[in-house]
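Me: I've got a model open and want to know what lies behind the labels people put on it. Can you take me through a few?

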Amino acid sequence: MFENLNWWEIGALLLLALLIFGDRLPNVINDGLRMVRNLRNMARNATGDLSRELGTDIQLEDLHPKAFIRKHLLSEDDEQAIRKPLQSMYDNLRSDVTGVHDELKDVAKAADLRTPTPRPAVGTPTATPTPTTPTPRPSYDDAT
């Protein structure tokens with residue numbers, strides 16, 4: 001819970017709590033701990049009641065709807081029957097996306113302006129480009 005705080009920050013928070021609550025600080029800490037214990041007991045009782053009602057052993061992690069259905073309502077065969085068509089669709093989509101991703105990488109690598117173009121070695125003859133004059137564009141007056 002306090003993994004992002006260092007010792008100086010925790011000390012500053014304790015000093016601030018002491019300044020705000022003063023002599024009542026031990027009572028406030030006891031009330032907070034009692035509230036946490038009561039919440040844990042309520043959650044434990046709720047899962048126990050739910051387990052008795054359903055007739056299975058339920059943990060808090062099992063109360064997520066997907067986990068509950070997977071563990072208590074579907075058998076292994078049912079789960080595989082549901083997954084099989086979706087898995088093939090997922091595999092096809094993944095291969096298509098991977099192909100597109102690879103093509104985009106190739107295009108990005110080819111269009112990367114940061115990579116230097118290879119220069120000819122010293123002493124090799126190079127063709128000097130001849131300057132070309134641009135062709136004059138016809139104006140609107142010429143067309144009329």
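Reply: Sure. A salt bridge here is a side-chain nitrogen of Lys or Arg within 4 Å of a carboxyl oxygen of Asp or Glu. Keep in mind that this is a predicted model.

Me: What makes Arg34 and Asp31 a salt bridge?

Reply: Their closest N and O atoms are 2.9 Å apart. The cut-off is 4 Å, so the pair counts. Both residues lie in helix 2 (residues 25–54), 3 residues apart, which is about one turn of the helix.

Me: Why is Arg34 called partly exposed?

Reply: Its relative accessible area is 44%. Buried means under 20% and exposed means over 50%, so Arg34 falls in between. Asp31, at 45%, lands in between as well, so it is partly exposed too.

Me: How many salt bridges are there by this rule?

Reply: The count comes to 2. Besides the Arg34 pair, Asp49 and Arg52 meet at 2.2 Å, N to O. That is within 4 Å, so this pair qualifies. Asp49 and Arg52 are also in helix 2, 3 residues apart.

Me: Why is Arg52 called exposed, and what is Asp49 called?

Reply: Arg52 has 60% relative accessibility, which is over 50%, so it counts as exposed. Asp49 has 39%, between the two cut-offs, so it is partly exposed.

Me: What makes up the lining of the second largest pocket?

Reply: The lining divides into 3 nonpolar, no polar and 4 charged residues. Among them are Lys66, Leu74 and Glu79. Helix 3 (65–73) and helix 4 (76–111) each supply at least two of the lining residues.

Terms used: Residues are numbered from 1 along each chain as its sequence is written. This is a predicted model: local features need pLDDT of at least 70, side-chain atom pairs count only at pLDDT 80 or more; totals for chains, interfaces and linings use all residues. Side-chain values use heavy atoms; hydrogens and water are left out. On a 1 Å grid over the protein atoms alone, a cavity is a set of points where a 1.4 Å probe fits but cannot get out, and a pocket is an open set with protein on both sides within 12 Å along at least five of seven lines; lining residues have an atom within 4 Å of a point. Helices (H or I, at least four residues) and strands (E, at least two) are DSSP runs, numbered from the N terminus. Ala, Val, Leu, Ile, Met, Phe, Trp, Tyr, Cys and Pro count as nonpolar, Asp, Glu, Lys and Arg as charged, and the others, Gly among them, as polar. Buried means under 20% relative accessible area, exposed over 50%, partly exposed in between (1.4 Å probe, protein chains only).
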